[in-house]
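I opened my notebook to look up a few things in this model. I kept each entry short.

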Amino acid sequence: MIEESSKSGKSLVEKRQLFMEMRAQNFDVIRLSTYRTACKLRFVQKRCNLHLVDVWNMIEAFRDNGLNTLEHQAEISVSRLETILSSIYYQLNKRLPTTHQINVEQSIGLLLNFMVATYDSEGRGKLTVFAMKSMLATMCGGKIVDKLRYIFSQISDSSGTMLFPKFDHFLREVLKLPTAVFEGPSFGYTEHSVRTCFPQQKKIQLNTFLDVLTADPPPQCLVWLPLMHRLAHVENVFHPVECSYCHSESMMGFRYRCQQCHGYQLCQSCFWRGHANGPHSNQHQMKEHSSWKSPAKKLSHAISRSLGCVPIGEPPQPTFPEVSERPPDLAPTTVLESPSRLDEEHRLIARYAARLAAEASNSTQCPPTDLGFSFDANKQQRQLIAELENKNREILQEIQRLRLEHEQASQPTPEKAQQNPTLLAELRLLRHRKDELERRMSALQESRRELMVQLEGLMRLLKDEEQKQSAQSGSPHSSPSHSASCSMPMPIRSTSAGSTPTHTPQDCLAGVGGDVLDAFSQGVPRNLRNDLLVAADSITNTMSSLVKELHSVDDRLEEEEENLRNGRDKAVTE
């Protein structure tokens, strides 16, 4: 008992899974019933992967499963319905690439439970053929015109005239879809539904049927059908416009612009929920945009339309033949087992054969002048194509030649380098002189560093001698810590190579320790200090003159390189 109850509860959850997921999308906050219904059915379509199955593939599946030989009122079991859905989805997976495969079992389960909940509310376990065809043809992918053409082939007679009882039957079945998604009060079936679509009881042909159901606005009971197709087209449309309510920088899907408030635009989420701010009101008329055009494109389109280059208004609906000639992939209206129906098919085949024979005879009986004119036109076209090909080859050869010349000019050859040997020799001498000066400068810097170290050692000896003399003269209370701190050497820092030649004594001792600075900062210098100061000053002056000479050599080297480069340019141009 417990296992049976758990299994029944699990099956109930699986049956209601699609509806629970749809409720989680919170579509009920959309205030307009048309958009709310279209969004719910679009969610069911995508969740069951029906949007991947084209209407022509759906019709082919009907034929493969023998549904075109059954009456509309015939009933099929749920197990056979599951077999039909399995064939549809497995054929879909064969057409899809391996990276876009769908979960067939899950799709079959969701769609089967949705169809049973929609068309078998009594729980008999059976569905009619016409209900299944109407539902799958409406909810599959493809153009709405192709779907309506197939539906018209199912509700019309052999002469191509719509049968009102069959159209009423179609409305009864297709309007169960809004009822299944809890929108029955707005779009449920009523006895006056047919009269709202075709108020005048007259002969309805295919083109009239298409004009009425694809009009703007369509019949009230089917207004959600074209909107569901428009939702599929604008799902990935990007609008680089800011929403005036939620202030999002861009929009996806529909865009709504107020006809009274200048520059007031809403995204589809804000418009569907009735949001408004500022001077805007929900009573204002809004225009729906399903694409984005830049201002420049709008201006060019307006100019072209004013000049008559672009037709004004939308393109007209294509006109289909009114006779009962169906597209090759469309299933016949009823069973073809009666002799009268077979005779009609034979007459249709004979009519096709006669038309093909007439077209063949007309093509064979063309006047010789027309043939000669066509031959001349073809000859002229071939000549023009040959001339254009020759011109293209010449242009490619010229481009190749210019590219080679540019590469040769950018890469100097040994011949060009030997055009001015004097400049090259002088350039080599300058570089050699520069290298020598750099080596001399590094040697002088090293000797200066050694001299500074020696100065630091001499000053340390002088300090020690002074301390010994002071200790012998009777100053035993001098602090040993002070002498230790004074005898500690300071780190040696190298002076800058670009210093000026004029220096003061303090500038000359910028790289020595603190003892040397203390010794030379005393009031009356001794002879040894003067000698050391003169030696340091001479070293610094020598370094400055060396740096000056190095800079002059660099300037001359740059000037010679510039002259050599100019000579090369002149040689290339000549």
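Which residues of α7 are buried? I began there, keeping in mind that this is a predicted model. My list for α7 reads Val129, Phe130, Ala131, Met132, Lys133, Ser134, Met135, Leu136, Ala137, Thr138 and Met139. The helix runs over residues 129-139, and eleven of its eleven residues are buried. I noted α7 as mostly covered.

**Entry: cysteines**

Next I searched for disulfides. I found zero in the structure. Cys261 is in no disulfide, and its nearest cysteine sulfur, in Cys258, is 3.8 Å away. I then checked Cys267. Its closest cysteine sulfur belongs to Cys270, at 3.5 Å. Why is there no bond between Cys267 and Cys270? The two sulfurs are too far apart for one, because a disulfide needs them within 2.5 Å.

I also looked up how covered these cysteines are. Cys261 has a relative accessible area of 12%, so I wrote it down as buried. Cys267 is buried too, at 9% relative accessibility. The cut-off I used for buried is under 20%.

**Entry: a sheet**

I turned to the strands. One open sheet has three of them, in the order β6-β5-β7. Their pairing is antiparallel. Which strands stand at the edges? They are β6, residues 265-267, and β7, residues 286-289. Each has a single partner strand, so one side of each is left without a neighbour in the sheet. I looked up the twist as well. Neighbouring strands are turned by 25 degrees against each other on average, with direction ignored.

I followed one pairing in detail. β5 covers residues 255-258 and pairs with β6 over three bridges. The sense is antiparallel. Across from Arg257 I found Gln265, which belongs to β6.

**Entry: a pocket**

Last, I looked at the second largest pocket. It holds about 360 Å³ of space. How many residues line the second largest pocket? I read off 17. Phe27, Cys39, Glu235, Gln268 and Trp272 lie nearest its centre.

Which helix gives the largest share of the lining? That is α3, with four residues. I noted that α3 (33-47), α14 (224-234) and α15 (268-272) each supply at least two lining residues.

I sorted the lining by residue type too. It divides into eight nonpolar, five polar and four charged residues.

Methods: Residues are numbered from 1 along each chain as its sequence is written. This is a predicted model: local features need pLDDT of at least 70, side-chain atom pairs count only at pLDDT 80 or more; totals for chains, interfaces and linings use all residues. Side-chain values use heavy atoms; hydrogens and water are left out. Buried means under 20% relative accessible area, exposed over 50%, partly exposed in between (1.4 Å probe, protein chains only). Two strands pair if DSSP finds at least two bridges between them. Axes are lines fitted to C-alpha atoms, for helices over the stretch in contact, and angles run from 0 to 180 degrees between N-to-C directions. On a 1 Å grid over the protein atoms alone, a cavity is a set of points where a 1.4 Å probe fits but cannot get out, and a pocket is an open set with protein on both sides within 12 Å along at least five of seven lines; lining residues have an atom within 4 Å of a point. Grid points are joined across faces, edges and corners, and a volume is the space filled by probe spheres set on the points. Ala, Val, Leu, Ile, Met, Phe, Trp, Tyr, Cys and Pro count as nonpolar, Asp, Glu, Lys and Arg as charged, and the others, Gly among them, as polar.
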